[in-house]
Amino acid sequence: MQPRNMSMSGVVDLAAVKAAQEAKSKAEQARAEAARQGGGGAVSPADLVIDVDEAGFELDVLQRSTEVPVVIDFWAEWCEPCKQLSPVLERLAVEYNGRFVLAKVDVDANQMLMQQFGIQGIPAVFAVVAGQALPLFQGAAGEQQIRETLDQLVQVAEQRFGLTGLVVDTDAQPGDRQAAAAPQAVPAGPYDALLEAAVQALDAGDLGGAVQAYKNVLSDDPGNTEAKLGLVQAELLQRVQGVDPQQVRKDAAEKPLDAGAQIAAADLDLVGGHVEDAFGRLIETVGRTAGDDRDAVRVRLLELFELVGADDPRVAAARRALARALF
């Protein structure tokens, strides 16, 4: 059984916003289907910590992750650090009261899963959200660090994918699969139709239409996070559409003080998945320029930060480097 739809490399996906929107939509559809089938009830606290093997991974992790974030604890009986970490994760799973489910995987009995996640040592902790996998931490970790990581996970799951967690009932019977179904589907928001139109425009390659659709949302709701990120993505794709990459890079190499040339090259860097190159190029340009040119480079860099995501460690490192370049 092969885990599907995993993004383990950490390389930015230019369709990140669209993928998040699609995953959110699929998650809401899954919750609605569960409700139609008689789900939507509360789960027992005992159902927040489950043992998972290769045979049950599809159902217990991938499908469950469309309802609630699933944290995976890879452990083994002989692993001493695991014996310290696992009880903390189990306690926090109950304490977080349905905001995530903890799936425990014995690596000795599930070597294939260990290989598929690229795990080199244990304990290792991953999360799967709406079918998307991401590493959390490896090795021993303090409780405060674990809490901070879980808080970020819960926030991302809710903001990007609309996963608000499960309802926990202390009177619910453990192991009841219907009781473990996700909460009722979230009602459609006032801008869902416009956002869907933007996604469809992206799918059709109509970048101008996607830009306009996101702007239509923002004209009524300037704080709409989904539309803001979508607009940044669509405008980036629109900027690089039809350009001559060789000429852009030639101009950047010959004109190190030309803010526009460096911005155009950074756009290509990001489109090609070279996130750190894009950030580094613009940070260096901030240090070499002044006035309006410097401000234009800084603004573009902040836009790229939004596109990659504030939780990406490369963004955190680049923010520190930008602060040094500015001050």
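This passage describes a five-stranded sheet, its strand pairing and the turn between two of its strands. The model is predicted, and local features were taken at pLDDT of at least 70, side-chain atom pairs at pLDDT 80 or more, and totals for chains, interfaces and linings from all residues. Residues are numbered from 1 along each chain as its sequence is written, and side-chain values use heavy atoms, without hydrogens and water.

The sheet is open, with strand order E1-E3-E2-E4-E5 and mixed pairing; two strands are taken to pair if DSSP finds at least two bridges between them. Strands (E, at least two residues) and helices (H or I, at least four) are DSSP runs numbered from the N terminus. Strands E1 (49-51) and E5 (132-138) each have a single partner strand and stand at the edges, so one side of each lacks a neighbour in the sheet. Direction ignored, neighbouring strands are turned by 25° against each other on average.

Strands E2 (residues 70-75) and E3 (residues 101-106) are parallel and share six bridges, with tryptophan 75 opposite aspartate 106 in E3. E4 and E5 run antiparallel, also joined by six bridges; alanine 127 has leucine 134 in E5 as its bridge partner.

The hairpin of E4 and E5 has two residues between the strands, and alanine 130 in the turn adopts a positive phi of about 50°. Alanine 130 has a relative accessible area of 9% and is therefore buried (under 20%, 1.4 Å probe, protein chains only; exposed is over 50%, partly exposed in between). The C-alpha atoms of alanine 130 and leucine 62 are separated by 7.4 Å, although these residues are 68 apart along the chain.

Notes:
Axes are lines fitted to C-alpha atoms, for helices over the stretch in contact, and angles run from 0 to 180 degrees between N-to-C directions.
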